[in-house]
Amino acid sequence: MILGFGPIVTPKTIVKHGVENCKKLGQNFINFVGPFPQYVTGDPDIVKDILMSKLCIHKDYLTYGGLRHALGEGLLTIQGKDWQHLRKQMDPGFKFSKVLGFLPVFNRRMSGFFEELDGCHAMKDSYRILTFCREYTIGITCETMLGLDLDKSTIDIKHYANFIASMMEYISDVTFTVYYQSKFILKLADLTIYKQHRKELQFLRSVINDAFTYHSTKSGTLPEYVNTVEHIVARHVIEAKENNKIDADLALSNTMHLFGAAFETTSSTLYFAILMLALYPEYQEKAYAEILQMFPENDSGGFEITYNHISQLTYLDMFIKETLRVFPTVPLFSRRVIGGDLRLSNGVVIPEGQEVVINTFNLHRNKDVWGPQADTFNPDNFLPTNAEKRHPYAFVPFAKGLRFCIGLRYAELTQRVAIAKIIKRYKFSTTAKIEDLELQNHISMQLGKYPPITVERRAFPK
C-alpha cells in the first residue's frame with residue numbers, strides 16, 4: 001500500500017507477500033493495492049465459484065492494465081461479450097486436431113536446443129538454460145503462429161528471444177509497479193526509461209504485420225515463410241479480419257497477446273522442469289526409464305514423438321503437472337465482478353465492480369488440499385488414485401471454467417515433446433535445494449538467482 005499503510009509490493013516480492021498474507025490471514029483475504037481492494041483466494045471452492053460464474057468473465061484494469069497498455073487489446077485483456085466474440089474467432093486455430101499438426105515443428109526445432117545444450121557442462125549460473133528454452137519457444141511460436149521460419153530469415157533468433165524477454169520484463173514492470181497506475185507517470189516512463197522497450201514492441205508489430213501481408217496477398221514466395229498457410233494460427237486471424245469479424249488493430253494486438261503468452265509460459269515451464277530433474281535425481285531416473293523403454297534406440301533424442309507416444313508417457317505427464325503445481329507459470333490472475341453481486345459458496349457476497357484474484361501459487365500449495373508436504377515436489381501427487389479424489393479446481397495452471405486458456409493443448413504438447421527429448425539425451429544435477437529458490441513474478445514465474453546445474457550427455461546402453 002501507499003502512505004505508510006503497508007509494504008509496496010514489486011514483481012520481486014509479490015509471491016513472497018502473497019504467501020505471508022496467506023499464513024497470517026488464511027486462504028481468503030482482502031489485499032490492497034494503494035486504495036484499491038482485492039479479494040484474494042487460494043481456496044478451491046471459491047476458485048470454482050469465480051471461474052464458473054458468468055459475472056466473472058471480465059478482466060480487471062488493476063491487474064491487466066499494464067498488459068493492455070503494452071500490447072493493446074486481445075484475448076488476455078478484452079472484456080465480456082467482446083471476449084466471447086474474439087474467442088469464437090480464434091478457437092479454430094487451437095482445435096486439438098490443428099495443434100496435433102504442429103507436432104513435427106515441435107520435434108524438429110529441438111535440434112537447435114540440443115546444439116546449445118551440448119556445449120554446457122558445469123554451469124555456475126543456469127540462466128543460460130532459460131535462454132535456450134526461450135530460443136526454442138520463439139522458434140516454434142513464429143513457425144506455428146506466423147508461418148515464419150527463423151532459421152531461414154534474417155532475424156537472429158538469439159537477439160529475438162532476448163528482446164522479447166526484455167519486452168515481457170517491461171510488461172511486468174508497468175503491470176505490478178503501483179505508481180504506473182498513474183497514466184501521466186506511465187507516459188513519462190515510456191518516453192524515457194522504457195523508450196527502447198517501446199521500439200522493441202514496434203519491431204514485433206512489424207514482424208506480425210509483414211506475416212499478415214505476405215499470407216494475405218500470396219504474392220511470390222519468400223524462403224522464410226512456410227507455404228502451408230492453412231496450418232498456421234495467423235490464417236484464422238487473417239480470415240476474421242478479411243470477413244470484418246475483427247478490425248486490423250485488434251488482429252494485430254491479439255496476435256501479440258498469443259505470441260507473448262506462448263513464448264513466456266512455455267519457456268518458463270521448460271526451465272523449471274529441467275531444474276526439477278536436476279534437484280530430484282530419483283524422479284529424473286524414473287522419467288528416463290519410461291522414455292528409454294518407449295524409445296530404446298541410441299538416437300540421443302532424435303526420435304519423432306507422436307501423440308500416441310505422449311498419451312503413453314504417464315510418468316512424464318505426472319512430472320510436468322507437478323512442475324506446474326509447484327511452479328505455476330502464472331502465479332496469480334484476476335477477474336472483475338460485472339453484472340451483479342456474486343454470492344460465494346462460503347456465504348461471502350462480492351459486490352459488483354470488485355476485483356477477485358486467484359492466487360494460483362497459494363492454491364497449488366494449499367496444505368488443506370495437497371497435505372502437509374504441499375511445498376515438496378512429488379510427482380506422485382498426480383497418480384490417478386490421488387488425482388481423482390482431489391478437488392477439480394485445486395490445480396489450475398491454465399485457469400479453468402468459462403475463460404480457460406486457449407493455448408492449453410498447445411502448451412501441453414510442446415512441453416511433453418521437448419522434455420521427453422531432453423531427458424533422453426541429458427542427465428542433470430545440482431547442489432541447489434528447492435527451499436533456497438527465490439521465486440519472483442515477472443508475468444510468469446521466474447527466479448531471483450539461477451542455481452548451478454551440471455549437464456551431462458547420457459551414455460546409452462548397447
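UniProt positions are given here in the numbering of this chain, and its annotations may be inferred rather than shown by experiment. With that in mind, the UniProt record, an unreviewed entry, puts a "binding site" feature at Cys-405. The model is predicted, so here's a quick tour of that residue, a couple of buried polar ones, the main nonpolar core and a four-stranded sheet.

**The annotated cysteine**
- Cys-405 sits in the loop that runs between α19 (384–387) and α20 (408–425).
- Its relative accessible area is 31%, so Cys-405 counts as partly exposed, since that class lies between 20% and 50%.
- Beyond neighbours within four places in sequence, Cys-405 touches Arg-87 and Phe-398.

**Gln-415, in the helix after that loop**
- Gln-415 belongs to helix α20, and the loop holding Cys-405 lies between α19 and this helix.
- With a relative accessible area of just 1%, Gln-415 is buried.
- Phe-398 turns up again here: Gln-415 contacts it along with Thr-269, Leu-270, Ile-320 and Leu-324, leaving aside neighbours within four places in sequence.

**His-236 and its lysine partner**
- His-236 is part of helix α12, which covers residues 234–242.
- Because its relative accessibility is 9%, His-236 falls in the buried class, for which the cut-off is under 20%.
- The side chains of His-236 and Lys-98 make a polar contact of 3.3 Å.
- Setting aside neighbours within four places in sequence, His-236 is in contact with Lys-98 plus Gln-89, Met-90, Pro-92 and Gly-93.

**The nonpolar core**
- The largest nonpolar core takes in 154 residues, and Phe-113, Tyr-160, Met-276 and Phe-428 have the most contacts inside it.
- Helix α13 (residues 248–279) supplies the largest share of this core, at 18 residues.
- Phe-428 has contacts that include Leu-117, Ile-274, Leu-277, Ile-422 and Ile-453, not counting neighbours within four places in sequence.
- Polar residues are on the Phe-428 contact list too, among them Gln-284 and Thr-454.

**The sheet and the helix on it**
- Four strands make an open sheet with mixed pairing, ordered β1-β2-β7-β4.
- At the edges are β1 (28–33) and β4 (332–336), each of which pairs on one side only.
- On average, neighbouring strands in this sheet are turned by 30° against each other, ignoring direction.
- Inside the order, β2 (residues 36–41) and β7 (residues 355–359) pair in the parallel sense over four bridges, with Val-40 opposite Val-357 of β7.
- Helix α3 (residues 61–71) packs on the sheet and touches β1, β2, β4 and β7; the direction of α3 makes about 110° with that of β4.

Note on methods:
Residues are numbered from 1 along each chain as its sequence is written. This is a predicted model: local features need pLDDT of at least 70, side-chain atom pairs count only at pLDDT 80 or more; totals for chains, interfaces and linings use all residues. Side-chain values use heavy atoms; hydrogens and water are left out. Helices (H or I, at least four residues) and strands (E, at least two) are DSSP runs, numbered from the N terminus. Buried means under 20% relative accessible area, exposed over 50%, partly exposed in between (1.4 Å probe, protein chains only). A polar contact is a pair of N or O atoms within 3.5 Å; within protein, one must be able to donate a hydrogen and the other to accept it, and residues adjacent in sequence count only if both atoms are side-chain atoms. Contact means heavy atoms within 4.5 Å. A nonpolar core is a set of buried Ala, Val, Leu, Ile, Met, Phe, Trp, Tyr and Cys residues joined through side-chain atoms within 4.5 Å. Two strands pair if DSSP finds at least two bridges between them. Axes are lines fitted to C-alpha atoms, for helices over the stretch in contact, and angles run from 0 to 180 degrees between N-to-C directions.
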